[in-house]
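This report describes the arrangement of one protein chain, working from its strands to the spaces enclosed between them. Please keep the sequence and the structure in view while reading.

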Amino acid sequence: MLLLLLFAIQGLTLKVVKREGVYRNPLVTHNGGAPCIRLLEGYHYLTTTQTTGLSMWKSPTLYNLQWTDPVPFWSDSTVGRNHDFLAPEFWFLDGFCYYSVASTDNPGAQRIHVLKGGPSSIDPDLGPFTYENALIPSNFDAWAIDPTILQLENSLYLVYSGVDEEDGQCLFIAELDGPAQLSGAATKISCAEYEWEISGGPALRAPYVLQDSGKTSASPPIQIIYTGSQCSSAAIGILALTSNADPLLPSSWTKSATPIFSSNAANGVFGISNVYPLPIIDDFHNYIRWYFAFDAKSQPGLGCTAATTKLRVQRMNVTDGVPLFPEATPDDAEELEPYCDYCL
C-alpha cells in the first residue's frame, strides 16, 4: 500500500506543480500548427493541421490541453482529399457545425473542402459528419489553403490563401451561397509587397477575419489578420475593410506597412504565424475578453516543418475594433486562464 501511495504522489506532483488558474506556454508541443480554438460552454475545443485525419482536443482549461487525448472525428479514403489536412476551422452556420479544410493526397495540390457536422452549437466534435463540397472558384482551380469565413450582414464570404502564377502566394476572397457552395469567382485582394512579407519567402497566408461584434465599439471595423513571409521570418499583418465598401474589390482593403506582431528574440519566440483570436464573451458586463492562439518556434533557423512548431496562447486587447498585441512571452511564463474571475 505504501509503495502504491508513493507512486500516486509522484505522478500527481508531475501535473500539479502550478498555480490554480494559470497555464504556461507552449501549450501543445505536438500537432500545434495552424490552431483553431474556441471556448464553448466552459470547454476549449482545439483542432490543428493533421496528416491522416481530423481530431479534436477538448478541455475545460488551456492548461489541460497538453494532457488531453485528441478524439478522431473524420478521415477520408477518397483520392484528392485524404491526406494533409491543413488549417481546419469549424463554424456554426445555418443550424449546423461546418468544417473547412485544405487537403490532398498529393503534397502541394491542396484544395478547400467542407464537412458538415451535427446541429450542436456548443459541441463541435458531435457528428455525424458528412462530406459536403469542394470550394473551388470558377476562375481559381489551383493550390488553396487556410480557409476562413467573413460574415457581413446577410452575406458569407470565403477568404483563403492561394498561389497565383503572377504574384505568388496571395489572399483571395469569394462570395458563398451558403456554407458549402460558392456563388461567384475569386478576387485577389492582397499579395506580398513589403520587405517583412518577403524576407523569408514571399507569402500572405493564414487569414482570420476579426469582427468585434459591437461589444467594444458601436460600429466595429472588419479586419483580416494574416501571416506574412515564411518559416522563422513569419510575422503578423493586418488588412482593414473600408466602412460600407464591397469586400470583393481589392481597393476596399487597406494594409498596414509594418507587422503588428512578430518574433521576440529576447524571449526565444520565432516565426510567429497562424494567429487565431479567441474571444471570451462576458454578456453580464457587455464585454469581450480577448485571447489569441498562434504557432511559433523556440529557436531561429528551424525551417518550415510542422514538427518544430508549438502552440501558444496569450491575452490581447481589442480597442474600438483594433487589435493590440503584446510582446510574445517566453517559455514557461505564467498566463491567466480565460475562465478565471480575476482576469479582467
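## Strand 19 and its two partners

In this predicted model, strand 19 and strand 20 (residues 310-319) run antiparallel and are joined by seven bridges. Within this part of the structure, Trp290 is found opposite Met316 of strand 20. Strand 19, which covers residues 287-297, also pairs with strand 18, again in the antiparallel sense, and here the pairing extends over nine bridges. One position in that pairing is Ile280, whose bridge partner in strand 19 is Arg289.

These strands belong to an open sheet of four strands, in which the order is 18-19-20-21 and the pairing is antiparallel. The edges are formed by strand 18 and strand 21 (322-324), each of which has a single partner strand, so that one side of each is left without a neighbour in the sheet. On average, and with direction ignored, neighbouring strands of this sheet are turned by 35 degrees against each other.

Is strand 18, at residues 270-282, largely enclosed or largely open? Eleven of its 13 residues are buried, so strand 18 is largely enclosed by the rest of the structure. Its place at an edge of the sheet therefore describes its strand pairing, while the burial of its residues describes its surroundings as a whole.

## The sheet of strands 14 to 17

A second open sheet of four strands has the order 14-15-16-17, also with antiparallel pairing. Strand 14 and strand 17 (253-255) are the edge strands here, and because each has a single partner strand, one side of each is left without a neighbour in the sheet. Neighbouring strands of this sheet are turned against each other by 30 degrees on average, direction ignored.

At one edge, strand 17 pairs with strand 16 (residues 235-241) in the antiparallel sense over three bridges, and Leu241 has Trp253 of strand 17 as its bridge partner. The loop between strand 16 and strand 17 contains Ser252, which is buried, with a relative accessible area of 5%. Apart from neighbours within four places in sequence, Ser252 is in contact with Ala240, Leu241, Thr242, Ala245 and Asp246. Ser252 and Ile189 are 63 residues apart in sequence, and their C-alpha atoms are 8.6 Å apart in space.

## The hairpin of strands 2 and 3

Strand 2 (residues 36-40) is mostly covered, with four of its five residues buried. Strand 2 pairs with strand 3 (residues 43-47) in the antiparallel sense over five bridges, and Arg38 stands opposite Tyr45 of strand 3. Two residues lie between the strands of this hairpin, in which Glu41 takes a positive phi near 50 degrees.

## Enclosed cavities

Over the whole structure, a search finds four cavities of 30 Å³ or more, and the largest of them holds about 110 Å³ of space. Its lining consists of 14 residues, and those nearest the centre of the cavity are Pro35, Glu89, Pro207, Asn274 and Tyr276. Strand 6 (86-93), strand 10 (144-152), strand 14 (204-211) and strand 18 each supply at least two residues of this lining. By class, the lining of the largest cavity is made up of eleven nonpolar, one polar and two charged residues.

The second largest cavity has a volume of about 70 Å³. Which residues line the second largest cavity? They are Glu89, Trp91, Leu93, Tyr98, Tyr99, Ser100, Val114, Leu135, Ile149 and Pro179, and the elements that give two or more residues to this lining are strand 6 and strand 7 (96-103). Eight of the lining residues of the second largest cavity are nonpolar, one is polar and one is charged. Glu89 is thus named both among the residues nearest the centre of the largest cavity and in the lining of the second largest.

## The protein as a whole

The protein has two helices and 22 strands, and 50% of its 344 residues are buried. Of the contacts in the protein with a separation of 6 or more, 53% are between residues 24 or more positions apart.

Conventions. Residues numbered from 1 in each chain as written. Predicted model: local features only at pLDDT ≥ 70, side-chain atom pairs only at ≥ 80, totals over all residues. Heavy atoms only, no water. Buried < 20%, exposed > 50% of the residue type's maximum accessible area, 1.4 Å probe, protein only. Pairing = 2+ DSSP bridges. 1 Å grid on protein atoms, 1.4 Å probe; cavity = no way out; pocket = protein on both sides within 12 Å on 5 of 7 lines; lining within 4 Å. Points joined across faces, edges and corners; volume = space filled by probe spheres on them. Nonpolar A, V, L, I, M, F, W, Y, C, P; charged D, E, K, R; others polar. Axes fitted to C-alpha atoms, helices over the stretch in contact; angles between N-to-C directions. Contact = heavy atoms within 4.5 Å.
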